[in-house]
Amino acid sequence: MLESTQYASVQLLRFVKSFYGTPRFGHSKDVSHFFSDDSAVRSDYLIGLLLVFCLLMSLAFVWFFILVILRILGKRVGCASGNPATIPAESMMSKGSYSVHTDETGEFIVMQADQNRVNRTRIVYFLSGLYALVGCGCLLYGLVTTMRTFTSLVHSAEDVLYNIEKTEFDTLMTTAQEFSTNRDNLVTDLAGFCPAAANNINGLYPTDVTADFILNLNDVGDLSDDVTWSEIQNDFSDLEELMKSLVSFLTIVNGPTRLWFILSTSVTSVLAILLIYMLVCAWKTGKEGYQFIGEGLPSCNSRFLHFLGTPLFALLLASIWFGTSFIFASHASNADLCYDEILTGETVLRMLNERGYASTSEAYLFVDEYLHGCLDKNVTPSAVINAFETTIDDTYISGSLFQDLAPNGDVSSLDVACVGDASAVMTKSDALMVELETFKNYFESLQKSLSCETMATIMQQALYEKQCQSLSRGLLWLFISGLVVSSFGTIMLSLRSATQRPQIYIVAPNPASRSSDDASSYGL
């Protein structure tokens with residue numbers, strides 16, 4: 001299992017392991033298969049995620065299907081169809097008569113059992129509404145948290161791309177080729193310039209300084225002819241295109257409008273408003289009490305709920321179920337990456353293998369070192385780059401010493417000590433040193449862009465902290481709150497009769513059944 005580094009905190013969250021254990025019904029859990037060129041391998045992984053999606057979505061489908069069937073059955077299933085509860089009531093008995101005109105006086109008795117059933121329905125409805133409202137608040141919090149983490153991940157991807165682009169391999173190779181041509185000309189002139197000078201100039205012996213300068217110049221090879229450098233250039237060109245595609249996709253998803261975020265927050269907000277409205281309607285009808293079947297005209301609230309409110313509520317709930325199922329599958333996929341990567345450190349590397357990068361390629365070795373190594377933050381993962389940087393520094397130092405043989409451009413002492421044309425040699429040397437300084441600056445820019453301090457910090461924090469911790473927590477908030485909203489919201493949809501006044505019909509009183517228990521019955 002990977003441990004925290006100097007660049008990032010590595011932590012395997014317990015719930016990530018739980019989501020990793022989500023059943024795939026025999027299909028792959030290896031997220032690297034998603035990047036495979038083999039369509040069969042890629043499809044196998046995607047089918048597993050689709051089944052995770054369907055696992056939760058099927059529950060919503062069955063529940064909604066039952067509600068549709070109950071709605072079609074209508075009054076045959078009573079209030080389960082969404083119609084108001086219909087309850088028998090006995091008329092009040094008066095002296096010398098078994099009943100009075102209850103349709104005129106409104107005096108009737110509802111049995112305790114029927115009253116309890118209505119009360120239980122309304123209590124469950126109110127509790128479900130309160131839980132759903134809390135879930136909406138948590139869902140909004142999860143959306144904001146996930147959006148911020150997602151934006152931070154986009155910035156990390158852009159930073160990686162920026163540093164790869166800053167390497168400017170093409171410019172570096174062109175500069176190296178031009179430098180090699182002028183270097184060869186200078187080395188030819190220096191070969192017999194100062195073969196055995198006995199005099200020293202400003203404490204420097206021209207022969208030794210010249211020989212050291214020649215040696216270091218020859219060590220600066222032509223990068224354009226070096227196979228290793230060509231491989232590094234090609235691999236990073238491929239990585240640059242890959243990162244451009246990734247950033248382009250993420251930018252669309254995370255663009256200025258953030259369509260997914262606006263849509264999700266809008267659905268959640270409208271649903272919360274509807275929840276409050278439906279709870280108010282249920283409270284109001286509860287205060288109004290019973291009404292006789294067929295009595296009165298439908299209210300504005302009942303018309304709104306029947307024609308718009310309830311259908312819209314059902315549609316929003318369906319979208320929440322869909323979104324929660326999608327989050328469930330997304331969380332499982334994210335867990336596939338984080339759980340395996342933190343345990344083995346091989347998941348990202350397998351992704352590169354699936355993208356066609358061999359385990360010996362420079363890009364593979366760079367990513368491996370950035371994520372799992374980089375103990376020295378001042379160097380790059382490439383020994384070739386680090387060695388070449390040392391060579392350029394040594395060459396620049398020896399070149400500066402050679403120029404010190406002609407202080408302020410005075411070559412008179414050099415003409416005496418050496419046999420060649422000192423003025424011509426120093427002119428070529430000065431020009432080459434300008435080129436070498438430009439070459440050195442380009443290379444230092446490349447080395448800084450690819451250094452562990454720059455890249456390892458971005459990549460490790462993006463993967464181990466932002467994606468495997470912050471994003472995982474945000475997705476957990478979305479999943480739990482979405483499940484709470486969708487479940488309790490669907491319970492409210494099932495008990496939507498609570499938003500209507502219970503209806504009663506009068507039955508003939510049965511004196512034999514009357515007892516002192518009637519005192520506990522509700523007379524309205």
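The exercises below, each with a worked solution, deal with salt bridges, a cavity and a loop residue.

The structure is a predicted model, in which local features need pLDDT of at least 70 and side-chain atom pairs count only at pLDDT 80 or more, while totals for chains, interfaces and linings use all residues. Residues are numbered from 1 along each chain as its sequence is written, and side-chain values use heavy atoms, with hydrogens and water left out.

**Exercise 1.** Find which parts of the chain are tied together by the salt bridge of arginine 24 and aspartate 336.

*Solution.* Begin with the rule, by which a salt bridge is a side-chain nitrogen of Lys or Arg within 4 Å of a carboxyl oxygen of Asp or Glu. The side chains of arginine 24 and aspartate 336 satisfy this rule, with N to O at 2.8 Å. Next, place the two residues: arginine 24 lies in the loop between H1 and H2, and aspartate 336 in helix H9 (residues 300–344), so the pair ties together parts that are 312 residues apart in sequence. Helices here are DSSP runs (H or I, at least four residues), numbered from the N terminus. Finally, consider the accessibility, where buried means under 20% relative accessible area, exposed over 50%, and partly exposed in between, with a 1.4 Å probe and protein chains only. Arginine 24 is buried at 2%, and aspartate 336 is buried at 1%.

**Exercise 2.** Decide whether lysine 428 is buried or partly exposed, and do the corresponding check for its partner, aspartate 189.

*Solution.* First confirm the pair: the closest N and O atoms of lysine 428 and aspartate 189 are 2.5 Å apart, which is recorded as a salt bridge. Lysine 428 lies in helix H14 (residues 422–450) and aspartate 189 in helix H5 (residues 169–191), so parts 239 residues apart in sequence are tied together. With a relative accessibility of 38%, lysine 428 is partly exposed, and aspartate 189, at 30%, is partly exposed as well.

**Exercise 3.** State how the lining of the largest cavity divides into nonpolar, polar and charged residues.

*Solution.* Residues including Cys79, Arg117, Thr121 and Pro502 line this cavity. The lining divides into six nonpolar, three polar and three charged residues.

**Exercise 4.** Describe where cysteine 374 lies and whether it is buried or exposed.

*Solution.* Cysteine 374 is found in the loop between helix H11 (362–372) and helix H12 (383–403). Its phi is near 55°, a positive value in a residue other than glycine. With 1% relative accessibility, cysteine 374 is buried.

Conventions
On a 1 Å grid over the protein atoms alone, a cavity is a set of points where a 1.4 Å probe fits but cannot get out, and a pocket is an open set with protein on both sides within 12 Å along at least five of seven lines; lining residues have an atom within 4 Å of a point. Ala, Val, Leu, Ile, Met, Phe, Trp, Tyr, Cys and Pro count as nonpolar, Asp, Glu, Lys and Arg as charged, and the others, Gly among them, as polar.
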